[in-house]
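Ready for some practice in reading a protein fold? Work through each exercise with the model on screen, then check your steps against the solution.

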Amino acid sequence: MSAFPPDERATPLLDRGLIDDIKRVERATGRNDVLSGFVRTLEANLAGFGAAFSDYLARGDTPGAKRAAHTLKGACHQLGAKALGELFADIERSVQAGEHAEAKRKFDGGASLIAQSLEALKHA
């Protein structure tokens with residue numbers, strides 16, 4: 001047990017309310033693959049993000065890099081991956097500010113959060 005209290009300001013990993021909404025859609029439509037389909041799509045998009053993002057930055061394509069981060073931010077937030085959405089919001093802000101190295105560092109440093117979020121979504 002940690003000697004420090006949990007950080008109440010920390011963004012939760014998942015927004016259970018949004019996930020529950022998706023599960024309600026599954027029940028209403030008689031499908032049980034809506035959430036898992038969204039998670040697979042997110043996982044594929046995340047797998048391709050690093051290379052595409054690096055390419056945008058290497059070419060100096062700030063709008064492309066910003067759009068890529070913005071797209072993942074929105075997908076994460078809509079799916080209920082709250083903390084992951086905030087990571088991509090931070091990346092998007094860094095790109096917008098012209099801090100490309102910082103944006104890349106944030107993405108690279110977020111590998112653990114990405115893995116945790118995907119795992120949590122798969123078991124939600």
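**Exercise 1.** Find the handedness of the crossing of α4 and α5 in this predicted model, and work out how the two helices run relative to one another.

*Solution.*
- Step 1: Look at how α4 and α5 cross; the crossing is left-handed.
- Step 2: Take the axes of α4 (residues 82-96) and α5, which come within 7 Å and cross at roughly 165°.
- Step 3: Angles over 145 degrees count as roughly antiparallel, so α4 is roughly antiparallel to α5.
- Step 4: Now list the residues that touch. From α4 these are L87, F88, D90, I91, S94 and V95, and from α5 they are H100, E102, A103, K106 and F107.
- Step 5: Sort them by class: six are nonpolar, two polar and three charged.

**Exercise 2.** Which residues bring α2 and α5 into contact, and at what angle do these helices pack?

*Solution.*
- Step 1: Locate α2 at residues 34-58 and α5 at residues 100-109.
- Step 2: Their axes lie 11 Å apart, and the packing angle is about 175°. With the same cut-off of 145 degrees, α2 is therefore roughly antiparallel to α5.
- Step 3: On the α2 side you should find F49, G50, F53, S54 and L57; on the α5 side, H100, A103, K104 and F107.
- Step 4: Sorted by class, this contact has five nonpolar, three polar and one charged residues.

**Exercise 3.** Is L57 buried or exposed, and which residues does L57 touch, leaving out those up to four places away in sequence?

*Solution.*
- Step 1: Find L57 in helix α2.
- Step 2: The relative accessible area of L57 is 15%. Buried means under 20%, so L57 is buried.
- Step 3: With residues up to four places away set aside, L57 touches A65, H100 and K104.
- Step 4: Pick out H100 from that list. L57 and H100 are 43 residues apart along the chain, yet their C-alpha atoms are separated by 6.7 Å.

**Exercise 4.** Zoom out: how many helices and strands does the protein chain have, and what share of its residues is buried?

*Solution.*
- Step 1: Count the elements, and you get six helices and zero strands. Along the sequence, the pattern reads α-α-α-α-α-α.
- Step 2: Of the 124 residues, 34% are buried.
- Step 3: Turn to the contacts between residues at least 6 apart in sequence; 63% of these join residues at least 24 apart.
- Step 4: Finish with the surface. The chain exposes about 7,300 Å², and carbon and sulfur atoms supply 54% of that area.

How values were computed. Residues numbered from 1 in each chain as written. Predicted model: local features only at pLDDT ≥ 70, side-chain atom pairs only at ≥ 80, totals over all residues. Heavy atoms only, no water. Axes fitted to C-alpha atoms, helices over the stretch in contact; angles between N-to-C directions. Helix = DSSP H or I, 4+ residues; strand = E, 2+ residues; numbered from the N terminus. Parallel < 35°, antiparallel > 145°, perpendicular 65-115°, else oblique. Contact = heavy atoms within 4.5 Å. Nonpolar A, V, L, I, M, F, W, Y, C, P; charged D, E, K, R; others polar. Buried < 20%, exposed > 50% of the residue type's maximum accessible area, 1.4 Å probe, protein only. Left-handed = near helix turned anticlockwise from the far one by under 90°. Areas by Shrake-Rupley, 256 points an atom, 1.4 Å probe, with all protein chains shown as cover.
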